[in-house]
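Biologist: I am new to this one. Please show me the chain, and then let me press you on the words you use.

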Amino acid sequence: MRSILRTDPIARDAAALCAAAVVVGLSFGAIASAAGVPLGQILVMNAFVYAGGAQFLAVGLAGAGATAAAIVLAGLLLNARHLPFGLAVGNEVLGDRRPARLLGSHLMTDESVAFALAQDDPARRRRAYWTTGIALFLTWNVSAAVGAVAGSALGDPNTFGIDAAFPAALLALTLPSLKDRASVRVAVAGAVLALATTPFLPAGLPVLVALVGLALALPLPKAVRRS
């Protein structure tokens with residue numbers, strides 16, 4: 001196993017992401033259990049919803065007395081970013097067979113998409129996506145189940161500073177892709193919009209606002225180019 005991690009950068013990076021996912025999964029299981037969610041429901045949510053941020057949001061809203069409709073709507077808004085994710089990976093990564101596309105869509109996360117898009121070769125993109133997607137899915141389900149059984153002893157993941165692990169990993173994966181001015185403009189604009197709206201919008205929505213930065217990928221007018 002160690003030799004694979006040393007010689008295969010895809011496996012090594014996926015393992016690093018999973019290490020962070022373990023603590024987050026343990027924390028979610030503990031928090032959900034402390035909120036009174038039965039173990040069976042936690043296991044079903046992990047397997048079929050499989051959306052870490054949306055799951056934390058759902059448990060928080062349920063604890064605050066929100067209706068089922070409000071919880072579902074909040075989850076849909078939070079995960080609406082997967083629509084552009086799907087367009088970004090497309091057939092090149094997911095393939096054109098329906099079973100593979102359905103499974104690949106279910107395994108889609110911020111990390112698996114960013115990891116795939118960071119690869120230059122199409123074959124490596126596919127392998128990066130599926131390796132990261134499957135590894136994170138298994139890690140999340142196992143660690144969240146263990147956390148649920150352990151109860152609320154772990155507490156908030158922010159206590160461990162692990163809330164910064166995924167953003168740092170995504171930044172490391174994204175930076176090599178910023179090879180031209182258009183990509184840099186989009187990345188900077190998206191980051192500024194997300195940071196500016198974070199204090200005012202519910203969790204997850206600033207990510208959607210950041211998509212406005214894609215407009216800067218459009219060709220600039222000729223007058224602007226000359227200047």
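Modeller: A helix here is a DSSP run of H or I with at least four residues, and helices are numbered from the N terminus. Remember too that this is a predicted model.

Biologist: Where does Y50 lie under that scheme?

Modeller: Y50 sits in the loop between α3 and α4.

Biologist: Why is Y50 called buried?

Modeller: Its relative accessible area is 8%. Buried means under 20%. Y50 therefore counts as buried.

Biologist: What is notable about the phi of Y50?

Modeller: The phi is positive, at about 45°, although Y50 is not a glycine.

Biologist: How many helices and how many strands does the whole chain have?

Modeller: There are 13 helices and zero strands. So the pattern along the sequence is α-α-α-α-α-α-α-α-α-α-α-α-α, with each α a helix by the DSSP rule.

Biologist: What share of the residues counts as buried?

Modeller: The share is 32% of the 227 residues. I42, in helix α3, is buried because its relative accessible area is 1%. I42 and V59 are 17 residues apart in sequence, and their C-alpha atoms are 9.9 Å apart.

Biologist: How do you know that G104 is buried?

Modeller: G104 has a relative accessible area of 0%. The cut-off is under 20%, so the label fits. G104 belongs to helix α7, residues 98-106. From G104 to L94 is 10 residues in sequence and 5.9 Å in space, C-alpha to C-alpha.

Biologist: What makes V149 exposed?

Modeller: V149 has 63% relative accessibility. Exposed means over 50%, so V149 qualifies. V149 lies in helix α9, residues 122-150.

Biologist: Which residues make the nonpolar surface patch with V149?

Modeller: L39 and L43 join V149, and the patch covers about 270 Å². Patch residues need over 30% relative accessible area. At 63%, V149 passes that test.

Biologist: What makes R125 and E92 a salt bridge?

Modeller: Their closest N and O atoms are 3.2 Å apart. The limit is within 4 Å, for a side-chain nitrogen of Lys or Arg and a carboxyl oxygen of Asp or Glu. The pair therefore counts. In general, side chains of opposite charge can pair when their charged atoms come close.

Biologist: Which parts of the chain does the pair link?

Modeller: Distant ones: R125 is in helix α9 and E92 in helix α6, residues 82-94, with their positions 33 residues apart in sequence. The structure holds one salt bridge.

Biologist: Why is E92 called partly exposed?

Modeller: E92 has 34% relative accessibility. Partly exposed runs between the 20% and 50% cut-offs, so E92 falls in that class.

Biologist: How much space lies in the second largest pocket?

Modeller: About 270 Å³. The elements giving two or more residues to its lining are α3 (39-49), α4 (52-63) and α5 (68-78). The largest share comes from α5, with four residues.

Biologist: Which residues line the second largest pocket?

Modeller: The lining is M45, V49, A54, Q55, A58, I71, V72, G75, L76 and N79. Seven are nonpolar, three are polar and none is charged.

Biologist: Why does G75 count as polar in that lining?

Modeller: Gly is placed among the polar residues, so G75 goes there. M45 counts as nonpolar because Met is on the nonpolar list.

Notes. Residues are numbered from 1 along each chain as its sequence is written. This is a predicted model: local features need pLDDT of at least 70, side-chain atom pairs count only at pLDDT 80 or more; totals for chains, interfaces and linings use all residues. Side-chain values use heavy atoms; hydrogens and water are left out. Patches are made of residues with over 30% relative accessible area and no salt bridge: like charges are joined within 9 Å, nonpolar side chains (Val, Leu, Ile, Met, Phe, Trp, Tyr) within 5 Å. Accessible areas come from the Shrake-Rupley method with a 1.4 Å probe; for residues, only the protein chains shown count as cover. Buried means under 20% relative accessible area, exposed over 50%, partly exposed in between (1.4 Å probe, protein chains only). On a 1 Å grid over the protein atoms alone, a cavity is a set of points where a 1.4 Å probe fits but cannot get out, and a pocket is an open set with protein on both sides within 12 Å along at least five of seven lines; lining residues have an atom within 4 Å of a point. Grid points are joined across faces, edges and corners, and a volume is the space filled by probe spheres set on the points.
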